[in-house]
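Here are my notes on the model, point by point. Please read them with the structure open.

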Amino acid sequence: MKIFSIDTSCDETACSITDDTKVLTNIVWSQAKAHAKFGGVMPSLAQRMHEERIDFVVKKALGGKYRELNEIDTIAVTIGPGLSIALEVGIKTAREMATKYNKKIVAVNHLEGHILSPFANNAGLISILNYPALGLVVSGGNTQLISIKEIGKYEILAQTTDDALGEALDKAARMLGLGYPGGAVLEKFARKGNPKTYSLPIPIAGREERKIFTYSGLKTAMSRLVESQKPLTAQKIYDLAACFQDTAFTHLIRIVSYIISRPAPQPYKHLLLGGGVAANVELRKRLRRLGKNHNLTVHFPYSNKLCGDNAGMIGIAAYFKSNRNEYISPNLIDRNPRAKLTA
Ligand code: KG4
């Protein structure tokens, strides 16, 4: 089934064509540079840039083999969670395309796209996956550990009470003068540093039974530590980056480990990882180690392009939804900025 998908939930204008779980084209136009000077995403600027870019990105995605929408079976679009005025741009385009070309439309939750992103170009995954499986979304806007009861049925096991993991990494990077978004740069700098040079408090250490992810305390401690180390030398920046990343990941792993160990024996055999921070090599290493200790196979998206916001993952989620006949009329589709994964 060929699906044309659109995602404009935050600061990426993204369109894709997928064929079942195969990604044929996946075009992402990032606005990150434009938002960098504000140190975060400016909703009105995001909306304007989506409006300016969307037609170009649609054309670019259709520029390959599937030139004509006639060859596309279905249109999919992200309805949330995300920035209301940004989501609207993608929804309007999807509605117009579906109406003009008389296509069915599928409304997709952005987080479901992230969870299901390891299915991309990995059709075999469906036959080995048993349920419940675990989903872990680590992005700029969300940190969620999810029980996948079956595809389309989810239960949140833990989520962030304040900053998402990616957001926390971005803020730490900013404190070190590494620009925005800083997760990937922080990772590079951390590789050259020694995490043990400094000590930062692991959030809710010893209180993992709270089953939350929280980064605001760590962020405040990092801010104080950075101030105390000024003027910053290159080596200090490497070590501070390493220390923050190490502590942030240690907290994440401790919560996941706590939850999947209780009750024993843990029922999960597979973990699907998605979201921008899933591109991080150190995090993947730690999750693989966790998997080894808990007899859990960890599945990652096949490319970093499938980790950050993109429409390829929306096409995958839409494929499973269309198999369940979950279509919506173009007149009824609407944004849902606070969309939840659970009913
Ligand atoms: O999935 P995404 O595009 O955002 C949302 O859907 O919310 O993820 C963006 C986040 C940013 O916070 C960015 O700094 C982070 O993912 N990120 C990384 C890496 N690459 C992107 N964080 C850590 N290591 C990376 N290599």
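**Notes on the predicted model**

1. Start with Ala34, which sits in helix H1 (residues 32–36). Helices (H or I, at least four residues) and strands (E, at least two) are DSSP runs, numbered from the N terminus. Ala34 is buried, at 18% relative accessible area. Here buried means under 20% relative accessible area, exposed over 50%, and partly exposed in between (1.4 Å probe, protein chains only). Leaving out residues up to four places away in sequence, Ala34 touches Leu45 and Met49; contact means heavy atoms within 4.5 Å. The C-alpha atoms of Ala34 and Leu306 are 22 Å apart, with their positions 272 residues apart along the chain.

2. A word on the basis. This is a predicted model: local features need pLDDT of at least 70, side-chain atom pairs count only at pLDDT 80 or more, and totals for chains, interfaces and linings use all residues. Residues are numbered from 1 along each chain as its sequence is written, and side-chain values use heavy atoms, with hydrogens and water left out.

3. Helix H3 passes the length check. Its 18 residues (84–101) should span 26 Å at 1.5 Å a residue, and the end C-alpha atoms are 26 Å apart, which agrees. The expected span is 1.5 Å times one less than the number of residues. Buried residues in H3 include Leu87, Val89, Ile91 and Met97. Their cover includes strand S1 (2–7), helix H2 (43–61), strand S4 (74–80) and strand S5 (104–109). Asn102 follows H3 and has a positive phi, near 55°.

4. Look hard at Asp7, in strand S1. Which side chain of opposite charge is nearest to Asp7? It is Lys321, 13 Å away; Asp7 is buried yet has no salt bridge. For charge, Lys and Arg count as positive and Asp and Glu as negative; His and the chain ends are not counted. A salt bridge needs a side-chain nitrogen of Lys or Arg within 4 Å of a carboxyl oxygen of Asp or Glu. Asp7 does have side-chain polar contacts, with Thr78 at 2.6 Å and with His110 at 2.8 Å. A polar contact is a pair of N or O atoms within 3.5 Å; within protein, one must be able to donate a hydrogen and the other to accept it, and residues adjacent in sequence count only if both atoms are side-chain atoms.

5. Now the packing. The largest nonpolar core has 53 residues, of which Leu136, Val138, Leu145, Leu165, Leu176 and Phe244 touch the most other members. Helix H9 (residues 234–261) gives the most to this core, with 15 residues. Apart from it lies another core, of 28 residues, among them Phe119, Ile146, Ala317 and Tyr319. A nonpolar core is a set of buried Ala, Val, Leu, Ile, Met, Phe, Trp, Tyr and Cys residues joined through side-chain atoms within 4.5 Å.

6. Check the backbone at two prolines. A cis peptide bond joins Lys230 and Pro231, with omega about 0°. Pro231 lies in the loop between helix H8 (216–228) and H9. Another cis bond joins Ala264 and Pro265, with omega about -5°; Pro265 is in the loop between H9 and strand S10 (270–274).

7. Check phi as well. Lys211 is not a glycine, yet its phi is positive, near 55°. Lys211 is in the loop between helix H7 (183–191) and strand S9 (212–213) and is partly exposed, at 38%. Asn295, also not a glycine, has a positive phi of about 55°. Asn295 is in the loop between helix H10 (281–294) and strand S11 (297–299) and is exposed, at 55% relative accessibility. Most residues other than glycine have a negative phi, and most peptide bonds are trans.

8. Last, the charged pairs. How many salt bridges are there? The count comes to 16. Lys149 and Glu155 form one at 3.0 Å, N to O. Lys171 pairs with Glu167 at 3.4 Å; both lie in helix H6 (residues 165–175), 4 residues apart, about one turn of the helix. A network of salt bridges links Asp163, Glu167, Lys171 and Lys219. In helix H10, Glu282 and Lys285 are 3 residues apart, about one turn, and their salt bridge is 3.5 Å, N to O.
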